[in-house]
Amino acid sequence: PALGLGGLAAAVREAAIPVIALGGIGLDTVRRCIEAGASGVAVMGEVMRSKDPAAMTDALVREIRSSLLTEHSGKGKGQPADELALSLPPANDNLDP
C-alpha cells in the first residue's frame, strides 16, 4: 500500500539503511520525496507515459540531482550529497542502445 510522504518520512527515520522512494514518483513529487528524507527515487511510469521519454528522463535527472544537492548537503545517511549527485547518470546523455 502507498505510504504517502508521512509514511516515507517515518520509514526513513526508522531505517538503518538509505531509503529509496518507489511508486507514483513523477517530476512533481521528486523534491518532496527527497525532502521527506529519501536518499533517492525510482521512476518508471512517468518516463513510459511521456511523449518524449528522453526529455522526461533528462528533466527527472536534473530534478533529482538538484533535490539531493539541496536537501542532503552535509547531512543524511550514506554518501555526502556531492557523491550522491555524481553517482547519477549525466543529464541528457545519449540514451540510445
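Which residues lie nearest the centre of the largest pocket? In this predicted model, they are Gly4, Ala21, Leu22, Gly23 and Ile25, out of 16 residues that line the pocket. The elements that each give two or more residues to this lining are α1, β1 (20–22) and α2. The most comes from α1, which supplies four residues. Sorted by class, the lining consists of 11 nonpolar, four polar and one charged residues. The volume of the largest pocket is about 250 Å³.

The largest nonpolar core comprises 18 residues, and those with the most contacts inside it are Leu8, Ala21, Ile25, Val30, Cys33 and Val41. Two or more core residues are given by each of α1 (4–14), α2 (30–35) and α4 (53–71). The largest share, four residues, belongs to α4. With residues up to four places away in sequence left out of the count, Ile25 touches Val30, Cys33, Val41, Ala42, Val43 and Glu46. Ile25 is thus listed both among the core residues with the most contacts and among the residues nearest the pocket centre.

Helix α1 contributes to the core as well as to the pocket lining. Its buried residues include Leu8, Ala9 and Val12. Seen down the axis of α1, the buried residues fall within an arc of 100 degrees, so they line one face of the helix. In an α-helix there are 3.6 residues a turn, so residues three or four places apart point the same way. The buried residues of α1 pack against β1 and α2. On the face of α1 turned away from the buried side are the exposed residues Gly6, Arg13 and Glu14.

Notes. Residues are numbered from 1 along each chain as its sequence is written. This is a predicted model: local features need pLDDT of at least 70, side-chain atom pairs count only at pLDDT 80 or more; totals for chains, interfaces and linings use all residues. Side-chain values use heavy atoms; hydrogens and water are left out. A nonpolar core is a set of buried Ala, Val, Leu, Ile, Met, Phe, Trp, Tyr and Cys residues joined through side-chain atoms within 4.5 Å. Buried means under 20% relative accessible area, exposed over 50%, partly exposed in between (1.4 Å probe, protein chains only). Contact means heavy atoms within 4.5 Å. On a 1 Å grid over the protein atoms alone, a cavity is a set of points where a 1.4 Å probe fits but cannot get out, and a pocket is an open set with protein on both sides within 12 Å along at least five of seven lines; lining residues have an atom within 4 Å of a point. Grid points are joined across faces, edges and corners, and a volume is the space filled by probe spheres set on the points. Ala, Val, Leu, Ile, Met, Phe, Trp, Tyr, Cys and Pro count as nonpolar, Asp, Glu, Lys and Arg as charged, and the others, Gly among them, as polar. The arc is that of the directions from the helix axis to the C-beta atoms.
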